[in-house]
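Got the viewer open? Let's walk through this one selection at a time.

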Amino acid sequence: MPEITRRRALTAAAAVAATASAAVTLAAPAASAAGHHEPAAPESFDEVYKGRRIQGRPAGGGAHHHEHGGGYEVFVDGVQLHVMRNADGSWISVVSHYDPVPTPRAAARAAVDELQGAPLLPFPAN
């Protein structure tokens, strides 16, 4: 039987560590997916903000919506404002893309502020 050298012992330890690390890596996505849940959809709103009508609601079953918006629609004067929910739960819109806000209502208000009275033009869908 060959004598165990320090090199062989270190090689065996590295192989065991690599195998254990691979097992943890493979199990982690399944564990995080099991505990993952979608945050609750924001509440609907319908108000006049600075003379503009802003509305928000969960997207209807047959309505077209981007999955980035998490199934939520926002409108400014009846024109859809495309919104997206970020991974951290904040919201952005096509008008105020670099200024995340906490809610779709805040995204609609930020868009009205940014538009400064200009009409929101329809955003062409793909």
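Start with β3 and β4, which pair in the antiparallel sense over 3 bridges. Keep in mind as you click around that this is a predicted model.

Now pick out Val74 and look across into β4: the bridge partner there is Leu81. Leave Val74 selected and show what surrounds it. Setting aside residues up to four places away in sequence, Val74 touches Phe45, Gln55, Gly56, Val79, Gln80, Leu81, Val83, Pro104 and Ala108.

Next, zoom out to the sheet. You should find 4 strands in an open sheet, ordered β1-β2-β3-β4, with antiparallel pairing. Which strands stand at the edges? Select β1 and β4 (79-81): each has a single partner strand, so one side of each is left without a neighbour in the sheet. Turn the view to follow the twist, which averages 25 degrees from one strand to the next.

Time for the helix. Select α2 (104-115) and you'll see that α2 lies across β1, β2 (52-58), β3 and β4. Relative to β1, α2 runs at about 25 degrees.

Last stop: the largest nonpolar core, which has 16 residues. Show Phe45, Ile54, Val74, Val76, Leu81 and Val83 as sticks, since these are the members that touch the most others in the core. Then colour β1 (45-49), β3 (72-76) and α2, each of which supplies at least two core residues. Which element gives the most to this core? That's α2, with 5 residues.

How values were computed
Residues are numbered from 1 along each chain as its sequence is written. This is a predicted model: local features need pLDDT of at least 70, side-chain atom pairs count only at pLDDT 80 or more; totals for chains, interfaces and linings use all residues. Side-chain values use heavy atoms; hydrogens and water are left out. A nonpolar core is a set of buried Ala, Val, Leu, Ile, Met, Phe, Trp, Tyr and Cys residues joined through side-chain atoms within 4.5 Å. Buried means under 20% relative accessible area, exposed over 50%, partly exposed in between (1.4 Å probe, protein chains only). Contact means heavy atoms within 4.5 Å. Two strands pair if DSSP finds at least two bridges between them. Axes are lines fitted to C-alpha atoms, for helices over the stretch in contact, and angles run from 0 to 180 degrees between N-to-C directions.
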